[in-house]
Structures are given as structure tokens and as C-alpha cells.
Amino acid sequence: MSDSPAARLQALFEGHRLTPTQRRIAHCMVRGAAEVPFLSSVELAELAGVSQPSVTRFAVALGFDGYPALRKHLREVAPAERAAAPGQDSSNEYQQAVLGEIENLRRLAEMLADPAPVEEAGRILAASTPLPVLGLRAASSQARGFAYFAAKVHPDVRLLDEGGSMMEDRIDAALYEGATALLCFALPRHPREVVDTLERARKAGLTVVTVADSAFAPVARHSDLLIPAPVGTGLAFDTACAPMLLGRVLLEAMADALPDAQARLEAFDTRAAARGLFVE
């Protein structure tokens, strides 16, 4: 288990029943673990986009007398030195976005120091035939990429990347044909339809494995196993290098749990060579 400031903060929040507003504050704090211990309640409220009383209630919900007591605790688990102020960084905005993604990947690597959740997810996904893979709007590219490669080692992958009234029908069909699990990619801004779909899927008996930007994302309460991967927010539109890489890691774990994965890959390579599918 990683011992980074972000990981220790996340461990502090786990096990508490948090409201959506409180999850938003927690998510904000995990993303800014080095800076948050030095913020006032007003500054934290502004950063998270909530009211100052919400920050106070959040501290109380975690078992502290108030925000000052929470901040004292945060300073004990934060790095010894405060992160450099934004104005002290000579990098331009494009470089900062790239450096932010490098930091997100570093955090993902720290999380993967404990491979157990990913290995469990791989076994769950491998055991489901068919395997529905859900991703709408911003998350559709992650779902499509996973499904494309997964189809080379898994016998029946069903991509669900378009919403609408047919979504429930397609999940019902997968259940009827033997599906036991669903993989979901969920990224900000979280579509209500994804939350509703996961709720229905779990009620119908599917085990939901989710890749989300935070353990406190709105989809968390409708997921049996959620593995977080942070997104970058330095540009006008979020960047999702870490969720994409986590998808490939899950793909590897699933392939490891499929007894005939290597044989399927070799058969595909043979067919592709016979068809001249790729240019060497």
C-alpha cells in the first residue's frame, strides 16, 4: 500500500459515509494533498467549490472538533515543505499540464504497489461471458480502447458507449446470455445516465468494476470494486492518461486470468498475417 500524502489522506476518508458535497471536498483534498494542509477553511471551500460551513461539517463528519483540528492532522501527514506556489514555476501552461499528468501517473504507480485490487478485478472480468464495458461521453474512448484489445483475448466483449433507451435492453441481453460482471469507465463530468445504469446493473446481479477519477466519484456507491486513477485538470478539457493506462493494466490482469488468452492472441496474429492486415 502506498504511503504518499495523497494515499494517507484517502485512507483517512475511507470508511466514512460522506455526502456528495463531502465527497467533492475529499476529492479536492486528495488531488492537492501537498497544498491543502496550509489552506484556511475559506480557501479550501473556494478550491472545492463549496461553502465554508460545508468544510466545517466535513471535518466534523470525519470525527474532528472542527476544521482547525483537521488541518492540524493534515499537516502531520503532509510533506515537510509546502509545494511551490504556482507563480514560482517557470513552466508554461502546456508544460504544467504534462508535468501534472506525470504526477498523476506517479500516483497511479504508487497505488499499484498493492496489486491485489487489480488482480481481483482481472479475475472478475475474465469470469464474465459476455463482458459489458461501459463508458459514456468523456469516458467513451477509454471504454472503446479497452474493448478493442479485450476482444482479442476474451470470447465476448460488449461495448456500451452510447446512451439512450437501448442501454437497459443491452444489459438485460448480456445478463440473459450469462454475464456476471460489468466494467465501467467513469470520468468527469459524470453523466447521470452512467450512475443510473450502474445502479440498475447491480440490482440485476452484475458485479460492477469501475475505473474512476476518484474513490469519491458519484459512481462509487454503485460499484463493487472501484480503482481510482486521477485526471489532469490543467487544460480547458481534462486529460486522462492515468485512467487509460489503468485500463491497460486491467486488460493485462484479465488476460492473466484467461487460460486461453495466449492461444487467442497467437491465432489472431496468424490470421492477421494471412490477410496482410498490418504493414510491416
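In helix 6, E110 and R106 sit 4 residues apart, which means they are separated by about one helical turn. Their side chains meet in a salt bridge, with N and O 2.2 Å apart. This is a predicted model, so let's take a friendly walk through what it shows, starting with charged pairs.

**Charged pairs in helix 6**

- Some background helps here: side chains of opposite charge can pair when their charged atoms come close.
- R106 also has a salt bridge with E103, at 2.3 Å from N to O.
- E103 and R106 are 3 residues apart in helix 6 (residues 93-111), so about one helical turn separates them too.
- Why does this spacing work? An α-helix has 3.6 residues a turn, so residues three or four places apart point the same way.
- Are these side chains buried, partly exposed or exposed? E103 is partly exposed at 33% relative accessibility, R106 is partly exposed at 38%, and E110 is partly exposed at 23%.

**A pair that links distant parts of the sequence**

- D161 and R144 form a salt bridge in which the closest N and O atoms are 2.4 Å apart.
- D161 belongs to the loop between strand 2 and helix 9 (166-176), while R144 belongs to helix 8, so this pair ties together parts that are 17 residues apart in sequence.
- D161 counts as buried, with a relative accessibility of 17%, whereas R144 is partly exposed at 47%.
- Back in helix 6, salt bridges that share partners join E103, R106 and E110 into one network.
- How many salt bridges are there in the model? The count comes to 9.

**Helix 8 and its surroundings**

- Which residues of helix 8 (residues 140-150) are buried? They are Q142, A143, G145, F146, A147 and A150.
- The cover over these buried residues includes two strands on either side in the sequence, strand 1 (131-134) and strand 2 (157-160), along with strand 3 (181-186).
- Helix 7 (116-126) and helix 11 (241-257) are also among the elements that cover them.

**Two helices that cross**

- The axes of helix 2 (residues 20-31) and helix 4 (residues 52-61) come within 10 Å of each other and cross at roughly 85°.
- That angle makes helix 2 roughly perpendicular to helix 4.
- On the helix 2 side, the contact is made by T21, Q22, I25, A26 and M29.
- On the helix 4 side, S54, V55, R57, F58 and A61 make the contact.

**A nonpolar patch on the surface**

- Y148, F149, L277 and F278 form a nonpolar patch on the surface, and together they have about 390 Å² of accessible area.
- F278 lies in the segment after helix 12 (261-275).
- With a relative accessible area of 46%, F278 is partly exposed.

**Backbone details to look for**

- As a reference point, most residues other than glycine have a negative phi, and most peptide bonds are trans.
- Where can you find cis peptide bonds? One runs from T129 to P130, with omega near 0°, and another joins P188 and R189, with omega about -10°.
- P130 is in the loop between helix 7 and strand 1, and R189 is in the loop between strand 3 and helix 10 (192-203).
- R137 has a positive phi, near 50°, although R137 is not a glycine.
- You can find R137 in the loop between strand 1 and helix 8, where R137 counts as exposed at 70% relative accessibility.

Conventions
Residues numbered from 1 in each chain as written. Predicted model: local features only at pLDDT ≥ 70, side-chain atom pairs only at ≥ 80, totals over all residues. Heavy atoms only, no water. Patch = residues over 30% accessible without salt bridge, like charges linked within 9 Å, V, L, I, M, F, W, Y side chains within 5 Å. Areas by Shrake-Rupley, 256 points an atom, 1.4 Å probe, with all protein chains shown as cover. Salt bridge = Lys/Arg side-chain N within 4 Å of Asp/Glu carboxyl O. Buried < 20%, exposed > 50% of the residue type's maximum accessible area, 1.4 Å probe, protein only. Axes fitted to C-alpha atoms, helices over the stretch in contact; angles between N-to-C directions. Parallel < 35°, antiparallel > 145°, perpendicular 65-115°, else oblique. Contact = heavy atoms within 4.5 Å.
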